[in-house]
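Dear colleague,

I am passing on the structure below, as agreed. Please have it open while you read the notes that come after it.

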Amino acid sequence: MTGSPARTLLLWCPDWPVLAAEIVDGVPATGPVAVLHANRVVACSERARAEGVRRGLRKREAQGRCPQLTVVEYDPGRDARAFEPVVAAVEELVAGVEVVRPGACAVAARGPGRYLGGEETAAERIIEHVAQSCLVESQVGIADGVFAAGLAARAGRVVAPGGTPEFLAGLPVEALGRSALADLLRRLGVRTLGDFAALPAGDVLARFGFDGALAHRLAAGRDHRPLAVRQPPADLTVTAGYDEPIDRVDAAAFAARALAEQLHEGLAGHGLACTRLGIEAVTEHGQELHRVWRHDGLLTAAAIADRVRWQLDGWLSGSNGRTGARPARPTAGIIRLRLVPDGVIAQAGLQAGLWGEAGEERERAHRALSRVQGILGPEAVVTAVLGGGRSPADQVRLVPWGDERLPARPGVPPWPGRLPAPAPAVVLPSPLAATVHDAVGEAVAISARLAVSAPPTRLVVGTGQPAEIVGWAGPWPVDERWWSPAEARRRARFQVCLADGTALLLAVEAGQWLVEAIYD
């Protein structure tokens, strides 16, 4: 390959995994934070570095150097999602951006340098725009090739054209990003990129293989890899403005149909279909209304129109008297409506059944429940999702109809202290107070070491009649959040069988017996 590497402008956001954790999960990046992968630190905040935390340290050693360290698990998906607004901000000024990795993106420097008044001016404009748009600090480096531009960005330098080999020559071999190769080169007495670049290319290939030969080209400033230009995602959002504010349901239905067909045609033109729809409206008084509808299939134009109509009906009809069911009616009509395809997939045909469309009955039920949500709000229709937890009440979570049915607490591996199977059939919303006695009428107590004072023989629930206990099992102890005195909870559970065949789940906490659930 001949010729010089292309001039490249690379924007780098320091400690990006830490910043992504702050943007997505709210972890303060100003404190001591470390991002871990495979039990080793892959990124850390400036405060953590001041305490001695470094990349490559094991978790225990990092926490030993900084006891106040906040540990965050590495999540490449989170890093990529958080970096998308930064890339979009760069694309507002320049075209042809390549995402090198989350936290770094590159663009050919020739275009921005010409129409923004020079390379240094372009770098300053991009840094300022990203800071204003995304509230993210960044650095820009310009050099010949992506590799050298990335190293220049860490120093905030603009390397003069043709000066890349000289710039690289004084850097240590660790700058190649290949730890095994760098360690071997140092043991051979090669400590800088200039020393490595001075070796004959044929000898490097024979000794270090293809990857070593590629690293040798990078060290010499002969990075000929072209930029993989990113194609900006198509703007699939549709918006409509109305001179006359919409304050009637029939007018809203007409507007919904027209806008839904426009959205569906735009998606079909890109070979896409919508599975999650965002509906946004702005009233004449500036009120902003937003709701997201989820669907387990592909939303057709009619289905999109139905959901928009239902939502507008719910907004414009006002409160139906049910406290907390949904917000009250807006104080003015809607002047702008926006549909956002929040989730899209490639369009694929659905195989029809022998006696009608596939899942037709399920679709009818889904339409009916979705319409109830449009009138009463998303919390009006909920479904149960099983997940992890120690008590039966903890293992069930109610989610609005159409939302992703993912457990808040994964159930695998099994939770320590979780009750054995079978699960109770009825979980009481509020446990019932009870008393448990032994054969001589004394109250049964549980010691701190979980010793039962005597076998339980009689149960009284509330003010009811005593019932004979013919079988029991337990205790199953639970000691939760012991590290937080204000939230600590210690209890033990028992399964008891009564003489009439009823089986109950009992819990004793702070000396008080409670009936938590009933077995079938």
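The notes below cover one helix, a group of paired strands and a surface patch.

This is a predicted model, in which local features need pLDDT of at least 70 and side-chain atom pairs count only at pLDDT 80 or more, while totals for chains, interfaces and linings use all residues. Residues are numbered from 1 along each chain as its sequence is written, and side-chain values use heavy atoms, with hydrogens and water left out.

Helix H12 (helices being DSSP runs of H or I of at least four residues, and strands runs of E of at least two, numbered from the N terminus) covers residues 249-269. Its buried residues (under 20% relative accessible area, with exposed meaning over 50% and partly exposed in between, for a 1.4 Å probe and protein chains only) are Ala-252, Ala-255, Ala-256, Leu-259, Ala-260, Leu-263 and Leu-267. They lie on the same side of H12, because they cover an arc of only 135 degrees around the axis, taken from the directions from the helix axis to the C-beta atoms. The face turned away from that side carries the exposed residues Phe-254, Glu-265 and Gly-269.

In strand S19 (residues 512-519), six of the eight residues are buried. S19 pairs in the antiparallel sense with S18 over seven bridges and with S14 over five, where pairing requires at least two DSSP bridges between the strands. Ala-507 stands opposite Leu-514, and Val-427 opposite Ala-517.

Finally, Val-382 lies in strand S12 and is partly exposed, with a relative accessible area of 35%.

Best regards

Technical notes: The expected span of a helix is 1.5 Å times one less than its number of residues.
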